[in-house]
Amino acid sequence: MAHFTRREFVRSTVLGAAALQLASQLRAQSDAVPPVASPLKPGVAPSRWLDADGAGHFPGCTWGVAWPRGMHAAGTTFALRADDGSPAPVQSWPLATWPDGSLKWTAHALPPGKVAKSYEVFAGTPATPAKALHVEQTADAVTVDTGAIVCRLGTGGSQLVERITRDGVEVARRGRLVCLREDRADPERPHVEDFESAIAQVTVEQAGPVRAVVKIEGRHARVGAGASPRAWLPFVVRLYFYAGGETIRMLHTIVHDGDENQDFIRGLGVRFEVPLRGELHDRHVRFSGQGDGLFAEAVRGITGLRRDPGKEVREAQLAGAATPPVSAWRAPVPELLKYVAAYADWTLFQSSADGFEIRKRTKAGRTWLTAARGQRAGGLAYVGTPGGGLAVGVRNFWQSYPGQLDVRGATSDAAELTAWLWAPEAAAMDLRGYHDGLGQDTHEKQLQGLEITYEDYEPGFDKPEGVARTSELFLFPVAATPSREQLAACARAVRAPALLVTTPEHLHRCGVFGGLWSPLDRSTPAKAQVEDRLDWLFKFYEQQREERRWYGFWNYGDVMHTYDADRHEWRYDVGGYAWDNSELSTDLWLWFYFLRTGRADVFRFAEAMTRHTGEVDVHHLGRFAPLGSRHNVLHWGCSAKQLRISTAVNRRFYYYLTGDERVGDLMREQIEAARALTTIQANRKVAKDRVTAPDPNAKEVYVGFGTDWGSLAGAWLTEWERTGDARMRERLVASMKTIAAQPQGFFTGGARMELASGAFAESSFKKPNVSHLSAVFGLVEVCAELVQLLPEVPEFKTAWLDYCRIYNATRDEQAARFGAPLSGIGLEQGHSRLTAFAAKQTGDAALAARAWREFLNPPAPGRGRNRLRNEAQLVPGPAVLRAVHEAAGVSTNDTAQWGLAAMQCLALVGDQMPRE
């Protein structure tokens with residue numbers, strides 16, 4: 001860590017803030033802080049719109065709120081009122097409970113309709129929606145009637161959505177998943193095969209009265225005449241409906257289970273048929289562009305012709321409305337109309353984060369015309385007529401390039417509308433390793449490789465086996481072609497879906513997340529400087545994402561690990577220094593910062609990271625499931641498959657704030673994750689004396705007390721909170737007691753754990769075993785909550801406080817405790833939050849003062865000093881390809897740990913921070 005006196009610390013932050021003003025790419029809204037909340041009301045959870053512009057086009061939303069322990073008993077019903085006191089319809093359900101059984105987190109669903117500026121959730125009888133939502137399930141189908149649309153979902157075959165009707169008129173049908181596979185078994189003669197969804201299971205997870213959720217699972221099956229059977233690429237799709245809603249939200253997940261050397265995905269998407277009724281000149285195609293930009297044309301255009309059909313006709317077509325009868329048009333247009341070309345096929349192709357192109361053609365076999373170009377498309381496409389149509393929007397469209405939106409057959413009775421999540425016009429998805437192993441065929445050579453590139457390589461481990469990707473789409477089945485303004489509003493809703501959130505003040509009052517955070521506090525000059533620095537760090541990473549183009553289907557949401565100052569480039573191609581993969585709790589840094597600020601820009605950044613790190617960086621099936629992969633050039637490339645990456649601790653924030661079912665699934669995957677350690681342990685090359693021999697039938701396995709147990713405990717804790725499962729509590733208690741009973745408590749390092757019970761055997765290692773990484777992957781956060789929730793295990797609290805107090809103690813104090821100073825100590829500044837926790841729990845003012853010294857004046861080089869300076873400079877060409885900002889000494893690990901230490905020290909011992 002950089003050695004700052006308090007005076008230097010203040011000066012560097014001021015300089016950094018001034019330097020950052022050069023970053024013109026930063027959005028102005030990121031400076032906006034939500035308004036101060038109104039006074040808290042007992043028993044009431046305030047809820048406001050996340051984004052400053054409120055709802056716009058509002059398709060309904062779901063959000064979570066917290067409650068203080070003991071406030072609301074299980075089974076309590078909740079009501080919702082708008083800021084003017086009027087009742088609003090709401091559906092509520094529990095997300096988590098406190099140990100006494102009272103509600104800790106609840107989720108709430110608000111249907112479409114006129115929205116208020118803010119709401120309050122309180123115990124009471126909920127108002128019913130104006131239009132009832134009905135779900136009917138039979139052996140053949142699930143039918144959802146929102147009161148505005150009726151959607152029939154298949155329970156078998158390929159069609160997830162068999163048809164969507166409005167007022168009895170079919171506006172879309174045959175909704176299915178599509179995949180193009182490029183077979184390279186013969187590299188000289190690759191060929192492409194078609195696959196479609198094959199449904200295996202349909203589950204109605206919620207059935208109203210406000211919200212319905214249908215989960216559809218299956219695989220992609222080969223189709224085509226004479227095609228041999230094959231089903232691969234498992235999918236999980238959830239469809240969300242709201243009472244009175246005209247919009248369907250789709251959450252689309254695929255899990256890769258192919259051979260990356262032969263199975264190259266050439267296209268991946270969702271396809272619908274859209275019935276087209278009426279004349280070609282009344283058929284319309286729309287694509288959203290950047291901002292509110294909209295490409296809008298008719299299949300057969302009647303503007304710009306040599307002969308004018310009449311102003312009324314032209315204006316009707318431009319508006320997407322039904323034109324007057326052709327017989328009423330000005331002559332000679334009616335009889336010559338057949339000579340005006342009609343365009344059947346339309347494509348928007350987003351090839352990168354910096355460019356898209358729109359093309360159209362009259363039919364297959366004819367040339368494509370370039371219709372428009374732009375930088376960043378909004379991800380929405382529409383095809384339809386005044387008699388109905390369908391728009392489909394893909395969230396984070398350009399950020400997740402290559403993407404493509406296709407309309408085919410617009411001159412026929414039905415068009416095909418395909419939202420490609422991976423564009424077929426792009427090169428095929430290539431998930432192979434980036435090098436051939438470089439001769440690293442033994443553990444000895446692999447450790448030598450680790451020494452030079454920080455990459456932990458091993459043959460056969462750099463495979464995308466079981467990695468997943470989740471995409472979010474919105475379906476807008478409409479009764480007639482919407483106006484340009486309406487489609488622009490739909491596109492905005494796709495980019496930033498409306499979401500209600502409660503306030504930082506309310507969440508803090510509820511005591512959730514272990515008391516390790518507090519709302520923004522600028523009450524003293526020193527605290528204000530810390531707040532400024534936290535803001536600076538977030539904005540810097542937001543800026544880097546844009547300048548460095550950290551985008552793409554498999555990359556969006558992640559950040560880079562370490563910077564190369566010589567090249568003025570993040571080390572995207574250097575072994576273990578490339579993609580961060582949650583190293584040192586980047587996710588936690590962002591989520592705690594959101595809890596404190598309530599800022600929309602922070603939430604959206606953290607949301608994208610949660611989607612990425614929980615899906616792409618984790619193996620969900622196969623040999624390594626459900627472990628995650630350590631930081632690497634490829635998100636799955638490292639041979640260290642670890643609990644610390646797949647940990648549920650990183651996902652809990654998003655789940656409790658949104659009620660997201662997919663993230664709930666991901667956390668549940670981790671409950672039995674320790675069983676994966678029976679066949680693979682991350683430290684098998686470097687700590688052979690502390691690993692157990694591979695045995696899939698083993699009843700116990702070595703588990704480290706830091707990153708391993710912290711991750712397991714986080715999963716058990718979350719499942720206990722969500723379900724009340726007594727077995728999860730028993731595992732927690734058993735592991736807590738047996739850690740405390742170890743020869744050196746947490747300093748023992750680890751022991752053999754019984755998989756069924758979670759209890760640890762007494763370790764044979766009597767000397768302390770310390771790693772600077774043990775506490776920096778969620779262990780601090782888990783232990784804080786366990787101390788809060790399970791006071792009946794006092795010996796655990798004692799053991800944890802001992803670790804918190806001694807880790808950063810002086811060498812003499814460590815020697816007095818263990819007979820010799822500890823080795824393996826590092827990240828002292830980041831560990832200042834452990835000292836602060838001990839100070840808070842014991843009321844020890846001397847410890848509090850020590851925590852601030854450790855944070856403000858970290859040790860000199862040689863003990864793991866981080867180098868953080870609040871100074872960014874612009875690097876112009878020709879030193880770089882395009883001008884970028886860089887900050888000397890910044891790495892993501894440093895940022896995450898500094899941020900967490902700052903926020904937790906402020907929360908725990910902020911009242912004892914030096915004022916200047």
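**Notebook: a helix pair and two hairpins**

I started with helices H7 and H20, which are roughly antiparallel to each other. This is a predicted model, and I read it as such.

Entry one, the helix pair. I looked up the geometry behind that label. H7 covers residues 525-547 and H20 covers residues 892-909. They pack at an angle of about 150°. Angles over 145 degrees count as roughly antiparallel, so the label follows. I noted the axes as 11 Å apart. I also checked the handedness: H7 passes H20 in a left-handed crossing.

Next I listed who meets whom. From H7 I have Lys527, Val530, Glu531, Arg533, Leu534, Leu537 and Tyr541. They meet Thr892, Thr895, Trp898, Gly899, Ala902, Met903 and Leu906 in H20. I sorted the residues of this contact by character: eight are nonpolar, three polar and three charged.

Entry two, the strands. I moved to S10 (residues 150-154) and S11 (residues 161-166). The two run antiparallel, and four bridges join them. I found six residues between them in the hairpin. Gly157 sits in that turn with a positive phi of about 80°.

Then I followed S11 onward to S12 (residues 169-183). Five bridges join S11 to S12, again in an antiparallel run. This hairpin has two residues between its strands. Asp167 in the turn has a positive phi of about 50°.

Entry three, one residue on S11. Which residues stand opposite Ile164? In S10 I found Cys151. In S12 I found Ala172. I logged Ile164 as a link between the two hairpin entries, with Cys151 opposite it in one pairing and Ala172 in the other.

Methods. Residues numbered from 1 in each chain as written. Predicted model: local features only at pLDDT ≥ 70, side-chain atom pairs only at ≥ 80, totals over all residues. Heavy atoms only, no water. Pairing = 2+ DSSP bridges. Axes fitted to C-alpha atoms, helices over the stretch in contact; angles between N-to-C directions. Parallel < 35°, antiparallel > 145°, perpendicular 65-115°, else oblique. Left-handed = near helix turned anticlockwise from the far one by under 90°. Contact = heavy atoms within 4.5 Å. Nonpolar A, V, L, I, M, F, W, Y, C, P; charged D, E, K, R; others polar.
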